[in-house]
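I opened the notebook to go through the strands, one surface patch and one record annotation. The entries follow in the order I looked things up.

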Amino acid sequence: MQESYAEQVEMLAALGTGATKDQIANLLKRHNGNMEIVASSLIDGNFGTPTVTVTEPEERGRTMTKAAPALPPRRKHSSPVDNSKAIVPFTGGKPPQYDEMEDDDMKKALALSMEDQGPPPLEPVPEEYGPFQDVRKYDSRNLDSGTDHALRQALEASLNDGKNNLAADLYVERPAQERGRENDGRPVAFRSSDQNSLFVPPVFQALMALPQLRARLKQLPSQFTPKGDEEIKEKLELAWHDAQLTREMICHAECTQQAYIDIKPWTGEWTDTTSTHSPMKTASQFLERLTRNLNLALPSPSAPLFLPTIDNLSNQAEVPKTPLAPHVEVTKPEIQLYYVIPLTMGVLPPENNNLVDILEYNISNDEVGCVRETLPDVLAFKLNRVSGGGTGKFGFPVRLWLDRWVMDKREFVVGKIKAREKEIEEQLKQMESESLKLKKCEGRDTLVDLRACIRHFELTATDGGDPKRRARNENTLHKLKSILKDIEDKLAEHATKTEELNTERSKLWDLPELQTIPYDLQAVVIHDGLLGRTHMFSYVRHNGKWWKVVDDDVTEASEETVLGDSSGVHLGSGAFITLYSKPTEEKELPWPRKVRMKSQKLDEEFRANLPQTVRYMFEKAVQPISAGDSEEEEYMDAEEHIIVESDSVVEEVDALAEGKPDKQGDETDKRPDGMQDVVQMRDVD
């Protein structure tokens, strides 16, 4: 640095342009000390060609500054085939170590190339990936740059240690002393010893958390088969079978002494191996089957169990206002029935990847709505992720207000709420565009440049003793400050207005008239993107608490954990099933004596295989079932599965279901769901 420029360098460095003092000194030397030209160059970001100080041999007695070469000097070889100084000589000899080389630039380049950059990140698991494929072909997958190293290590370990090989993912029983159920209100875990049905336990675990389902299973009516249609008969018999299976499983889970139960004795072995390659898709399909059959087998004249009536808004006057009878419901095309409401993630921006926004998008685009009179006790949702766009975490609320999607509210929602929401969006976009124009000009930061110019006129600008020039500099400084203040005030105004609009938008839906139909979250099913019995699990609400159920492991969880679990997000998976139910204050009835006796018998078989010391501990805790009205129950059990044949009684029942008057004038036998039981069933405890 030239001594004569020391003072000017300090003044120019105060501009805060980011230039070094050597660069400023070089610019001053190049422009013969003209500080205004140098200041303009610095403000424009022109710092000049970087230079390095090269010291000549000592005998020359001086130093000089030379421009740094763009590339290291190329070595000259005596012949084209001279490879004595190549990095890896052709002769196969040992390559020289980088710290033994003479070229400094080559040393640095080779040292950088030898640094450990870490393994590449991983990409999402492809849908067709399965346990019977070669996992080595997926070892080079890449995730987004935000993947943390711990996650990468965990994923690689899971891919390489054989856990994704279902043949190695064995069903292991706990030690006998650890198989007892804790008395802290936790639910019993469902497991499956069948390797092809590992997706089934989380679905049943989620269904068991629904109080309305449990209540209807406890009051399961006798079976009725309509006459004359074998196809309907077959479908209703399948529905009845699934309802009975679910009833026995859930009853046993609530009454057993065991910490977990194997569902294979109820569900059998699955020969279809599709689930091993796409467990989320198979679990969703299984949920659709169960919700359909349970809705058919457990009808109610007041509300369906799972099936909402969703129709076009133009048909509002024509849609039925009562639940469909099972023999009518079973004839409807499946495409018109939404036992599980589908949601597609990836069609909206990432900030809208939540249940409410996706459902609103689907309802608005299709111009449909739900019928208030036939809203179900339970709402089931399944998530489909669009390939390439459906990544990220799926959000869902603890309480879902359904009013905004009911037909009689859609006109108000579309005409008032959504119209105002659209206005707010347009205003926000306009202010964002105006703010961007104020902040940026030709790719440069306007505020930074203005502040640099102001510092220049305050610190470095000279007038050379000319009064006119001094006045011009002062006038320019005043204008720059005025412009900067106007821009800052405008940006602050935009920020305040943006905050006000966002607050208004967040409260648009917080209206009493849109908060009369609540549904509470009861269960969530999550897949973490990998394969195996511990990679699909559920969160369930049980006895007023949240529990995480992973295979046979049940642990208490907080509501924040349930809503914030991001398992599988990095692999394009995560939460994909959510179940909501209407709040209920009704006290649950006990399970019928017959199914409790079955559960107790299964526990007896379980205790018989335990060591004597452990068996004694279980037997002490057994609560015997009272005999009750055993003769009546035996009669009821014998009559429960009677198939109703076509006769005059059934014909009379059909006439009642169609709304014809009762010949005997007895209105007590008439049921609005079109079904009639010859033997009126009730469970006596």
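I began with the pairing of β8 and strand β16, which covers residues 574-581. The two run antiparallel, and five bridges join them. I looked for a contact to anchor the register and took V378, which stands opposite S581 in β16. I note here that I am reading a predicted model.

Next I looked up the other partner, strand β6, residues 341-345. Five bridges join β6 to β8, and these two run parallel. For this pair I wrote down P342, whose bridge partner in β8 is K382. So my page has β8 antiparallel to β16 and parallel to β6.

Is β8 buried or exposed? I checked its residues, 378-385, and seven of the eight are buried. The strand is therefore largely enclosed by the rest of the structure.

I then moved past the end of the strand to V386. This residue lies in the loop between β8 and β9, the latter being 399-401. Why does V386 count as partly exposed? Its relative accessibility is 33%, and partly exposed means between 20% and 50%. I also found V386 in a nonpolar surface patch, together with V347 and Y361. The patch comes to about 210 Å².

My next entry is on β13, β14 and β15. Strand β13 (residues 536-542) pairs with strand β14 (residues 545-550) over five bridges, in the antiparallel sense. β14 also pairs with strand β15 (residues 553-557), again antiparallel and over five bridges. Which residues does W546 of β14 meet on its two sides? On the β13 side, R541 stands opposite W546. On the β15 side, the bridge partner of W546 is A557.

I looked at the turns too. The hairpin of β13 and β14 has two residues between the strands, and N543 takes a positive phi near 55° there. In the hairpin of β14 and β15, also with two residues between the strands, D551 takes a positive phi near 55°.

Last, I turned to the record. The unreviewed UniProt entry annotates "coiled-coil region" over residues 414-444 and 470-504. I compared each stretch with the model. Residues 414-444 are 84% helix and 10% strand, with the end C-alpha atoms 42 Å apart. Residues 470-504 are 100% helix and 0% strand. For that stretch the end C-alpha atoms are 51 Å apart.

Technical notes
Residues are numbered from 1 along each chain as its sequence is written. This is a predicted model: local features need pLDDT of at least 70, side-chain atom pairs count only at pLDDT 80 or more; totals for chains, interfaces and linings use all residues. Side-chain values use heavy atoms; hydrogens and water are left out. Buried means under 20% relative accessible area, exposed over 50%, partly exposed in between (1.4 Å probe, protein chains only). Helices (H or I, at least four residues) and strands (E, at least two) are DSSP runs, numbered from the N terminus. Two strands pair if DSSP finds at least two bridges between them. Patches are made of residues with over 30% relative accessible area and no salt bridge: like charges are joined within 9 Å, nonpolar side chains (Val, Leu, Ile, Met, Phe, Trp, Tyr) within 5 Å. Accessible areas come from the Shrake-Rupley method with a 1.4 Å probe; for residues, only the protein chains shown count as cover. A salt bridge is a side-chain nitrogen of Lys or Arg within 4 Å of a carboxyl oxygen of Asp or Glu. UniProt positions are given in the numbering used here, feature names are shortened, and annotations may be inferred rather than shown by experiment.
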